[in-house]
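Biologist: I've got a model open on my screen and I'd like to learn how to read it. Could you walk me through it?

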Amino acid sequence: MKNSISPSIDPLQPVHPAYCADPFVLNVRGVYYAYGTGGPDEGRAPQRPGDEHFVVLRSHNLTDWEDVGGALAPLPDPAMGNHFWAPEVAHGDDGNFYMYY
């Protein structure tokens with residue numbers, strides 16, 4: 001089954017093979033960024049210093065996605081939790097990205 005937007009995309013197949021639930025996609029000057037939920041059960045929770053909670057993907061065509069790292073550094077106290085989901089991101093006039101979840 002093909003869709004009418006792009007005949008080369010099968011809507012029943014994911015466009016990115018790794019875990020990226022609850023994706024939020026942001027278009028910034030023709031480049032798309034997808035931010036997806038992660039957590040310990042999905043293998044995206046921080047495992048070592050420098051790891052982040054949310055996967056960040058980048059695409060120029062909404063078909064081919066590249067993993068460009070993560071967002072939201074671990075909280076300093078594990079007792080504060082490590083389950084975060086459904087991020088959304090805004091691109092400010094100052095050039096910074098702002099995430100809320």
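**Reading the model, feature by feature**

Modeller: Sure. Let's start with one residue: S59 is buried, with a relative accessible area of 1%. Keep in mind that this is a predicted model.

Biologist: Where does S59 sit, and which residues does S59 touch beyond four places in sequence?

Modeller: S59 belongs to strand β3, which covers residues 54-59. Leaving out residues up to four places away in sequence, its contacts are V31, Y32, D64 and W65. One of these gets a polar contact too: the S59 side chain reaches the backbone oxygen of D64 at 2.9 Å.

Biologist: Next, confidence. How do I read pLDDT here?

Modeller: As a rule, where pLDDT is low, the predicted coordinates should not be read in detail. In this chain the mean pLDDT is 78, and 73% of the residues reach 70 or more. Over residues 39-49 the value stays under 50, although the model has 19 contacts beyond four places in sequence for that stretch. Among the elements of the chain, strand β5 (residues 88-91) has the highest mean, 94, and strand β4 (residues 66-71) the lowest, 86.

Biologist: Which residues make up the largest nonpolar core?

Modeller: That core has 11 residues, including F24, L26, V31, F54, V56 and F84. Strands β1 (21-28), β2 (31-37) and β3 each supply at least two of its residues. There is also a second, separate core of 5 residues, with C20, A34, V55 and W65 among them.

Biologist: What about charges?

Modeller: The general idea is that side chains of opposite charge can pair when their charged atoms come close. Here the count comes to 1 salt bridge. R58 pairs with E66, and their closest N and O atoms are 3.1 Å apart.

Biologist: Are R58 and E66 buried, exposed or partly exposed?

Modeller: R58 is partly exposed, at a relative accessible area of 28%. E66 is partly exposed as well, at 41%.

Biologist: And aromatic rings: how do I describe a pair of them?

Modeller: You describe a pair of aromatic rings by the distance of the centres and the angle of the planes. A search of the whole structure turns up 1 aromatic pair. The ring centres of Y33 and F97 are 5.8 Å apart and the planes are at 65°, so this pair is edge-to-face.

Biologist: Why does that pair tie together parts that are apart in sequence?

Modeller: Because Y33 lies in strand β2 and F97 in strand β6 (residues 97-100), the pair ties together parts 64 residues apart in sequence. Y33 is buried, with a relative accessible area of 18%, while F97 is partly exposed at 38%.

Note on methods:
Residues numbered from 1 in each chain as written. Predicted model: local features only at pLDDT ≥ 70, side-chain atom pairs only at ≥ 80, totals over all residues. Heavy atoms only, no water. Buried < 20%, exposed > 50% of the residue type's maximum accessible area, 1.4 Å probe, protein only. Polar contact = N/O pair within 3.5 Å; in protein donor to acceptor, adjacent residues only side chain to side chain. Contact = heavy atoms within 4.5 Å. Core = buried A, V, L, I, M, F, W, Y, C linked by side-chain atoms within 4.5 Å. pLDDT = per-residue confidence, 0-100. Salt bridge = Lys/Arg side-chain N within 4 Å of Asp/Glu carboxyl O. Phe/Tyr/Trp six-rings, centres within 6.5 Å; stacked < 30°, edge-to-face > 60°.
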